[in-house]
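Student: I would like a close look at a single strand in this model. Please describe how its side chains are arranged and what lies on either side, then move outward to the rest of the chain.

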Amino acid sequence: MNKKTVKDIDVNSKKVLVRCDFNVPISSEDGTITDNRRIKAAIPTIQYLLDNNAKVILCSHLGRPKGEFNQKYSLKPVAEELSKLLNKEVKLATDVIGESAKELTSNVKEGEVVLLENVRFHKEEEKNAPEFSKALADMAELYVNDAFGTAHRAHSSTTGVADYLPAVSGFLIEKELEFLGGALENPAHPFVAILGGAKVSDKIGVIENLIDKVDTLIIGGGMAYTFYKAQGHSIGTSICEEDKLELANSLLEKAKAKNVEILLPLDNNVSAEYSNDAESMIVSSEEIPEGFMGLDIGPKTIEKFEEVVKNAKTVVWNGPLGVCEFSKFEVGTKAVASILANIDATTIIGGGDSAAAIEKLGLADKMTHISTGGGASLEFLEGKLLPGIECLEEK
Ligand code: AMP
């Protein structure tokens, strides 16, 4: 997948509509942005366009305003933050495709930035309605998608506009394609995938797609217990998807047929209650007592996983290996984060809880790539074509 980027087109004096992911957390108390990382991540593409004399028009969604104008979801705080980060005024339109947007975008000059209001103020956005896509496109001459987090959604601002404008990627999407795409298309071996999280059902597509590519698949977290039960072990009160037992067995068989090693936890930190304060003990996976649930991987498992991961040349990780919301049961997730930080391999983190664990430990800059999209990276790893990327021009 080799998509054109902003560097492959002439942006000089052109009006460029950039779809960003400014869906940042906003404090319900004082309306301030509590984490500006997504805004910071968009700066390189915006700065490149400014440096190359483009007229920049930004758009994004924020939260779920359900197709109605609602000031609670206004991009005003984003415009202010962007002004600070870019050290220049960012004019915010009071609407998306209305009079204010039209006026600001028709007068935007080279080196200036306009931000449209929240695209989800219109219900047509999520419906990918052609007339709304066209109205967005009419304000610009080129389209850049840099919002990987919404690239798995075929909406007007992520996909529809590309029907009317030349469309390329920004640097964020370029980086996602380089690393996530690189891992799927041409990984250095040994290639190890680590999958955790609560449910097998959420990760079936990823497991099926990765089984054809990896050398070892490590399964931890709540998911592992469905696999154990499927093999006839008793798992106490551990989380389990009864309707996925057959599927779990068929995935294990498929892996065997392809010579892919599947590693499940050897031991677990189990407790009688789903609570951070409950007493817990380490037991082997074959000996989970009645009335106890596995809430984290145990020390032998961490050791075994480390042994395998240490030799890897590519590692993809998605999903925590225990109930990481509880400090008592985040030990396995933290340990794996530290192991990945210290190996000589391409390490790719698929967003969500695993990315949060790495950020919390201050290990983000020790990873090769942390995806900016949870759902999007999962669909990418499933091998699905993401509409927000498919619509971009090939190199
Ligand atoms: P996911 O969104 O599928 O990556 O799942 C993340 C969730 O999995 C987190 O909220 C964890 O608490 C949960 N999880 C991980 N391990 C376990 C476990 N052993 N039992 C129950 N939930 C778990």
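Tutor: The model is predicted. In strand β5, residues 142-145, the side chains of L142 and V144 point one way, while those of Y143 and N145 point the other way. As a general matter, side chains in a regular strand alternate between the two faces of the sheet. In β5 the residues on both sides, L142 and V144 as well as Y143 and N145, are buried.

β5 has strand partners in β1 and β6. With strand β1, residues 15-19, β5 pairs in the parallel sense over four bridges. With strand β6, residues 167-169, the pairing of β5 is also parallel, over three bridges. Y143 appears in both pairings: Y143 is the bridge partner of L17, and Y143 stands opposite A167 in β6.

Moving outward, the protein chain is divided into domain 1, residues 6-171, and domain 2, residues 179-381. The C-alpha centres of the two domains lie 36 Å apart. Where they meet, five residues of domain 1 are in contact with ten residues of domain 2. The size of an interface is often given as the accessible area lost when the parts come together. For domain 1 and domain 2 the buried area is about 570 Å², with 60% of it on carbon and sulfur atoms. On the domain 1 side, R37, F148 and H152 supply 80% of the area buried against domain 2, more than any other three residues.

R37 also takes part in a charged pair. R37 forms a salt bridge with E359, and the closest N and O atoms are 2.9 Å apart. The count of salt bridges between the two domains is one. For polar contacts across the interface of domain 1 and domain 2, the rule finds one residue pair, with both residues at pLDDT 80 or more.

A last stop is I211, in helix α7, which covers residues 204-211. I211 counts as buried because its relative accessibility is 1%, and the cut-off for buried is under 20%. Leaving out residues up to four places away in sequence, I211 touches L217, L251, A255, K258 and V260. For a longer separation along the chain, take I211 and K313: they are 102 residues apart in sequence, and their C-alpha atoms are separated by 17 Å.

How values were computed: Residues are numbered from 1 along each chain as its sequence is written. This is a predicted model: local features need pLDDT of at least 70, side-chain atom pairs count only at pLDDT 80 or more; totals for chains, interfaces and linings use all residues. Side-chain values use heavy atoms; hydrogens and water are left out. Helices (H or I, at least four residues) and strands (E, at least two) are DSSP runs, numbered from the N terminus. Buried means under 20% relative accessible area, exposed over 50%, partly exposed in between (1.4 Å probe, protein chains only). Contact means heavy atoms within 4.5 Å. Two strands pair if DSSP finds at least two bridges between them. Domain bounds come from an automatic or database domain assignment. Buried area is the accessible area (1.4 Å probe) that two parts lose on being put together, summed over both. A salt bridge is a side-chain nitrogen of Lys or Arg within 4 Å of a carboxyl oxygen of Asp or Glu. A polar contact is a pair of N or O atoms within 3.5 Å; within protein, one must be able to donate a hydrogen and the other to accept it, and residues adjacent in sequence count only if both atoms are side-chain atoms.
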